[in-house]
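Hello,

Here is the structure I promised to pass on to you. Please have a look at it first, and then read my notes below.

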Amino acid sequence: MGGDDFSLVELQNWMQGMLVKYVPVTNSRGGEAVTVEDLVNSSKRLNAIRHLDIYRHSYIARLRACMQNQFSALTYALGADLFEAFADQFLDTYPSESYTLNTLGEKFATFLEETRPDKELNEKETWPDFMIELAGFEYALSVIFDEPAEEHRPIATEETPDGNLRLAPVFHLFKHQYPVCKYYLDFSQQQEPELPFPEESYCVVTRRNYKLGLFTIRAAQYYFLLRMQQGKSVELAKQDLISGFKFKADDVDAIWPQWKKNFITSGFFDAV
Amino acid sequence: MKDKEAYSNAVKCLPNPGLGLGLRSKHFNYIIEHEPAVDWFEVISENFMDSGGRPRHVLRQVAEKYPVVMHGVSLSIGSTDPLNLEYLSKLKMLAAEVKPLWISDHLCWTGVNSLNTHDLLPVVLNEESLKHICSRINQVQDFLERPVVFENPSTYLTFKQSTIAEWDFLRYMTEETGCGLLLDVNNVYVSGFNNDFDPVHYINQLPHDSIVQMHIAGHQHCGDYIIDTHDRKVVNDVWKLFTLAWQLTGSVATLLEWDSNIPEFEEYHAELLKAKQFMSSIGSGEYITEHGEQFEAAVSNPVDFLVNNVLIN
């Protein structure tokens, strides 16, 4: 059976199926599957299948390259071949539904979690956890890079009273089971990092003048900044730190000027 | 609903801003710092419509200093899916901010059943699809309250169900909707080689008074076929077609596309300015000839530039 009586809808469904899944489609009245030759012309140099193959090969190569661009550190961590295998499977499972390629990798970390190779085993390997965290972190960076924000608020100085300090408009806290931020920074600086061992880590991502700033911080700093992110003042966040970490008030007061200086230098704070 | 005559008249009144370049992130800093003498910039709508960060910030500055045209890759005018109203709303909002000379996209479809292949897929050229596409162009133009300009894409296959030549299909589109045309001279060359038609005949048959812009670009010859890669200089035969089109259109806005292996700004600009040498029939410019030994495999990647590169301090 040929494709002469294919409607426009059927023709587009057939072609998309051939590109995305390579599944032959039957027309609406059933019968034999149509062949490429039934629908596509041959030319002087190429037969119909080779004409269609240009689109088929380009589809996966194009989106794979896009994934590698969006997850460059993960590509390095996994190695190009393994990344490609995961990316191809991901694109098959979650083909793009958006008009923009910026969101192509939105579900990639979730997909890696769903398909981790030790999923059925009682004893889990550790490296998939790192890869899943790294994928989530890299995608988050691409979102933060483009998030809307008031970019030109007054930056705090060391003279700004504590009561007038507020977090920068683009300010995100991350907590990981692995040193993900450090790994990403090392990769970005072409230091060819080794796969890290598990180690709880904390970081801040800010954006000033439309460029991202990545900073590794300590657990107590994360806890303190998290309280400020939840709307608490410097004073209340310090009190929570004292109660939450069993710190002495004198110790917190002693360390605070140094923290304040570092946080302001790193661009964490604006002045009200 | 506006009359198609009103859109058609609006198309014929669009200005010719001269020779333009694509605005690419690699050149953001150079353009802001040096304000080079480029007549106008073409921006990829999808690169900016969702941006609240640096791309949008740079675009605002560029639009204050240069004429801008918005060129899209996701309208999917040929798809049998419903039009994406969220996308159209964002396109309209960006246009309200940037105030482009015109908005363009492609005669293609990008996917169905809510999927997006992120490719400019070929439309079947027959009465059914012409009626379908013209109806959608009318809806889009009424939504955006302005005529839309459509580009002939590079194609790598033709359908057995096609009964209308592409140049006639484009002509009927302009007659039925009043839309404008963006003639991509390189795409005509690429499609002609791939699908056995004469590019000179194609260009001769177009409705030249509806053409408001031209694209020129480099491509990859793969031996049995050509891929529209936008990654190198324009070849001899494409410059010849440009000379023909320049004469037939009476000169229209012209843009050099370069989206992969993007050179430094000065080199990119210099390649564009070669167009001045090919505006007369004498064509005294320096030609690049394709040799068989240069054939390589290539991937069609019309949306290679759509992912932001994150900048880290």
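Please keep in mind that this is a predicted model. Let me begin with chain A, whose secondary structure comes to eleven helices and five strands. Its C-alpha trace spans about 85 × 45 × 35 Å along the principal axes. The radius of gyration of chain A is 26 Å, whereas a compact globule of 272 residues would have one near 19 Å. Buried residues make up 50% of chain A. About 13200 Å² of chain A is exposed, and carbon and sulfur atoms supply 51% of that area. If you take the contacts in chain A between residues at least 6 apart in sequence, 63% of them join residues at least 24 apart.

Chain B has eleven helices and ten strands. Its C-alpha trace spans about 45 × 45 × 35 Å along the principal axes. For its 313 residues, a compact globule would have a radius of gyration near 20 Å, and the 18 Å of chain B agrees with that. Buried residues account for 63% of chain B. The exposed area of chain B is about 11500 Å², with carbon and sulfur atoms supplying 49% of it. Of the contacts in chain B with a separation of 6 or more, 80% are between residues 24 or more positions apart.

Now for some details in chain A. A good place to start is the pair formed by helix H3 (residues 48-70) and helix H5 (residues 80-93) of chain A, which pack at an angle of about 115° with their axes 10 Å apart. H3(A) passes H5(A) in a right-handed crossing. On the H3(A) side the contact is made by A:Tyr59, A:Ile60, A:Leu63, A:Arg64, A:Met67 and A:Gln68. H5(A) contributes A:Phe83, A:Glu84, A:Ala87, A:Asp88, A:Phe90 and A:Leu91. Eight residues of this contact are nonpolar, one is polar and three are charged.

Next, have a look at helix H8 (residues 180-188) of chain A. Its buried residues are A:Val180, A:Cys181, A:Tyr183, A:Tyr184, A:Leu185 and A:Asp186. What covers them includes helix H4 (72-78), helix H7 (127-145) and the strands E2 (171-176), E3 (201-208) and E4 (211-217) of chain A. After H8(A) comes A:Gln190, which has a positive phi near 55°.

Which residues does A:Ser43 touch, leaving aside those up to four places away in sequence? They are A:His51, B:Asn194 and B:Asp196. A:Ser43 sits in the loop between helix H2 (36-39) and H3 of chain A. Its relative accessibility is 18%, so A:Ser43 counts as buried, the cut-off being under 20%.

Two loop residues also deserve a look for their backbone angles. A:Lys246, in the loop between helix H10 (234-245) and helix H11 (249-265) of chain A, has a phi near 55°, a positive value in a residue other than glycine. With a relative accessible area of 71%, A:Lys246 is exposed. In chain B, phi of B:Asn261 is near 50°, again positive in a residue other than glycine. B:Asn261 lies in the loop between strand E10 (253-257) and helix H11 (265-273) of chain B, and B:Asn261 is exposed as well, at a relative accessible area of 61%.

Enjoy exploring it, and do write back with any questions.

Best wishes

How values were computed:
Residues are numbered from 1 along each chain as its sequence is written. Chains are lettered from A and ligands numbered from 1 in the order in which they are written. This is a predicted model: local features need pLDDT of at least 70, side-chain atom pairs count only at pLDDT 80 or more; totals for chains, interfaces and linings use all residues. Side-chain values use heavy atoms; hydrogens and water are left out. Axes are lines fitted to C-alpha atoms, for helices over the stretch in contact, and angles run from 0 to 180 degrees between N-to-C directions. Helices (H or I, at least four residues) and strands (E, at least two) are DSSP runs, numbered from the N terminus. A crossing is left-handed if the near helix is turned anticlockwise from the far one by less than a right angle, and right-handed if clockwise. Contact means heavy atoms within 4.5 Å. Ala, Val, Leu, Ile, Met, Phe, Trp, Tyr, Cys and Pro count as nonpolar, Asp, Glu, Lys and Arg as charged, and the others, Gly among them, as polar. The radius of gyration is taken over C-alpha atoms; the globule rule is 2.2 Å times the number of residues to the power 0.38. Buried means under 20% relative accessible area, exposed over 50%, partly exposed in between (1.4 Å probe, protein chains only). Accessible areas come from the Shrake-Rupley method with a 1.4 Å probe; for residues, only the protein chains shown count as cover.
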